[in-house]
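Me: Got a minute to go through a model with me? I'll paste it here and then fire off questions.

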Amino acid sequence: MCGIVGYIGDQQAYPVLIKGLHRLEYRGYDSAGIALINEKGDLSCYKAKGKVSALEAAVSDKDVTGTIGIAHTRWATHGEPNEINAHPHFSQSRNLALVHNGIIENYKSLRSMLSSHGRTFCSETDTEVLVQLVEYMQESHDCNLFTATQLALKNVVGAYAIAILDKNNPDTLVCARKGSPLIIGVGKNEDGKNPEFYLGSDATPIIEYTDQVIYLQEEEIALMNRAGDLTITNLANVKQTPQLSTLQLSLDQLEKGGYPHFMLKEIWEQPDALRTCIRGRLNVSNKDVILSGIIDHKEKFINARRIIICACGTSWHSALIGKYFIEEAAQIPVEVEYASEFRYRNPVIYPDDVVIAVSQSGETADTLAAIQLAKQKGAFLYGICNVIGSSIARATDSGTYLHVGPEIGVASTKAFTGQVITLALLGLAIAKEKHSLSDEMFHMLIDELEMIPDKMQWTLEHNKDIASFAQMFTYAKNFIYLGRGYNYPVALEGALKLKEISYIHAEGYPAAEMKHGPIALIDEEMPVVVIAPKKGMYDKIVSNIQEIKSRKGKIISVVTEGDTVVRDMSDYCFVIPDTRDCYVPMLAVIPLQLLSYYVAVAKGRNVDQPRNLAKSVTVE
């Protein structure tokens, strides 16, 4: 959701900024822009609707010199996607330029106040209101940019990550954040003397230059200058001591590595990603699960009245699977909530509840707000996310990182399976502390979980024909996905993947619900994907398939290796190896990810950057 890049130092800023914007394209955007103070001392701003490449074309004959600058990829909130509404935005004097992620909720009242003081506006955005407000404070209080930014932000209601340039202070870069992430990278110039500073909405634009970063905290404002000084205060002007962290990220992880798309790369990375996720946590020889987040707070889980899992999108689907597993293994009631609904409905939360936030980015605005609500009500907070140092990781009492590596494709794949296996580890860790499983079952579940990455690799190797098969279904306008038990959330996830990247309407249902309405949709034009492992309610699934076949529906099935019954009833069949019910989702989802990917490719879609979507939804 939008992206910020900034630089101040001795090298030319434009190459750093434009490369940073390309690195941030995965977040989702509709326009891009850049502002520089060039070698003549002019503050120049260039913007373009569409891709970063359009911005590059627009500045091909412009002066892009200068060693300080800010840049932005915009995902429209206030005002349609166009060049005027794109960032950066100028102040009225054109001395200030600002980029902004987030939403200023009281921008209308601020705009009205500024208009009454003679300010005029060029765009429809809340961001232009903010840069005008900073300049108004600067002029009315006769203060510098840093102080003016502090004063302005005290009047702002909403979320923001901002970076500001001042033409009259070409050696200074100011940034601030609240509710939207912002990272400061600290590097050295070529002679190793003066530090140079980088800004990024996440680490991807920074890692090429430095692995030393500062995660700006809530309501903090930072001033960086060309002399290498860094000052951070909060809105109350209390000086803060920055904490320098080392990024656990490599540049290779941000490249496609020979794959045509990040999504395909990340699908194939899943076996290794899950091996990393369980490394050091699953001790097969000692038949143990070691999660420090549980061990250090075991009384909270042993005595929990219930567990509430808050999540959005794909993370909500993984949370449903986690609910089934935790209830079965640990015998604790679990509720799964859409964070966007939970935060607004005045939920009943008890001090002995455990609230788990699940988010790949750790920055999902609704999920963050949900746990802040739960915190106010005294619940114990546990975070499951992939990005180290993210807002959810900092806001929770304890938690577990996925460690599946950066996920660049907007449609989540390896983060989903990483969340599922992490929730399985969590369920086993709680079960160990509660003694809610027999030793035999506990050991069996550990042994089988350790084999899942190898079985994922087998699944990938044995479903390579999906690429040619998928082309047959580019005609479809609708899909139905069916599953039972642990595989109902997989049906939801499969349908979501198809919607996200191919733009084909798809719905997931519990298979038994077919007779309660959706069966009316079945005809010879309707592809129905059925997750039918030879487990649990297998006979029931067979009956559901027969009902669909009798109405001429096209059956695409996911079956256990060696199954002949469902295979023979299916028009097309994907195969997964045998495993326990509770672990089937991590295998069954892989053919569905590949199906959605290859259908989208066949339809000519932009797989890694589907329309209207952002990787991390950091605003409402």
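Me: Let's start with charges. How far apart are the mean positions of the positive and negative charges of the protein?
Reply: They are 3 Å apart, with 60 positive and 74 negative charges going into those means. Keep in mind that this is a predicted model.

Me: Noted. How many helices and strands are there in the protein?
Reply: The count is 20 helices and 26 strands. The radius of gyration is 26 Å and the globule rule gives 25 Å for 620 residues, so the protein is as compact as a globular protein of that length.

Me: And what box do the C-alpha atoms fill?
Reply: Roughly 80 × 55 × 50 Å, taken along the principal axes.

Me: What percentage of the residues is buried?
Reply: Buried residues are 60% of the 620. As for the surface, the accessible area is about 23,300 Å², and carbon and sulfur atoms hold 48% of that.

Me: What about contacts, how many of those with a separation of 6 or more come from residues 24 or more positions apart?
Reply: That share is 71%.

Me: Switching to aromatics. How many aromatic pairs does the count come to?
Reply: It comes to 15 aromatic pairs. Take Phe469 and Tyr572: their ring centres are 4.6 Å apart and the planes sit at 55 degrees, so that pair is tilted.

Me: Why tilted, at 55 degrees?
Reply: Because planes under 30 degrees apart count as stacked and those over 60 as edge-to-face, with the rest called tilted. The 55 degrees between Phe469 and Tyr572 therefore makes a tilted pair.

Me: Which elements do Phe469 and Tyr572 lie in?
Reply: Phe469 is in helix H16 (residues 466-470) and Tyr572 is in strand E26 (residues 572-576), so the pair ties together parts 103 residues apart in sequence.

Me: Are those two buried or exposed?
Reply: Phe469 is buried, at a relative accessible area of 7%. Tyr572 is partly exposed, at 27%.

Me: Which residues form one aromatic cluster with them?
Reply: Phe473, Tyr475, Phe479, Tyr481 and Phe574 join Phe469 and Tyr572 in one cluster.

Me: Where does Asn463 lie?
Reply: Asn463 is in the loop between helix H15 (439-461) and H16. Asn463 is buried, with a relative accessible area of 3%.

Me: And what does Asn463 touch, not counting residues up to four places away in sequence?
Reply: Asn463 touches Phe574, Val575, Pro591 and Leu594. Phe574 also belongs to that aromatic cluster.

Me: New topic, backbone oddities. Which residues does a cis peptide bond join?
Reply: His87 and Pro88, with omega at about 5 degrees. Pro88 is in the loop between strand E4 (68-74) and strand E5 (89-90).

Me: Why pick that out?
Reply: Because most peptide bonds are trans. Most residues other than glycine also have a negative phi, so positive values get picked out as well.

Me: OK, what is phi of Gln331?
Reply: Near 55 degrees, a positive value in a residue other than glycine. Gln331 is in the loop between helix H10 (314-330) and strand E18 (334-338), and Gln331 is exposed at 54% relative accessible area.

Me: Same question for Asn346: what is phi there?
Reply: Near 50 degrees, a positive value again. Asn346 is in the loop between helix H11 (339-342) and strand E19 (353-359), and Asn346 is exposed with a relative accessible area of 61%.

How values were computed:
Residues numbered from 1 in each chain as written. Predicted model: local features only at pLDDT ≥ 70, side-chain atom pairs only at ≥ 80, totals over all residues. Heavy atoms only, no water. Helix = DSSP H or I, 4+ residues; strand = E, 2+ residues; numbered from the N terminus. Rg over C-alpha atoms; globule rule 2.2 N^0.38 Å. Buried < 20%, exposed > 50% of the residue type's maximum accessible area, 1.4 Å probe, protein only. Contact = heavy atoms within 4.5 Å. Areas by Shrake-Rupley, 256 points an atom, 1.4 Å probe, with all protein chains shown as cover. Lys, Arg positive; Asp, Glu negative; His and termini not counted. Charge placed at Lys NZ, Arg CZ, Asp CG, Glu CD. Phe/Tyr/Trp six-rings, centres within 6.5 Å; stacked < 30°, edge-to-face > 60°.
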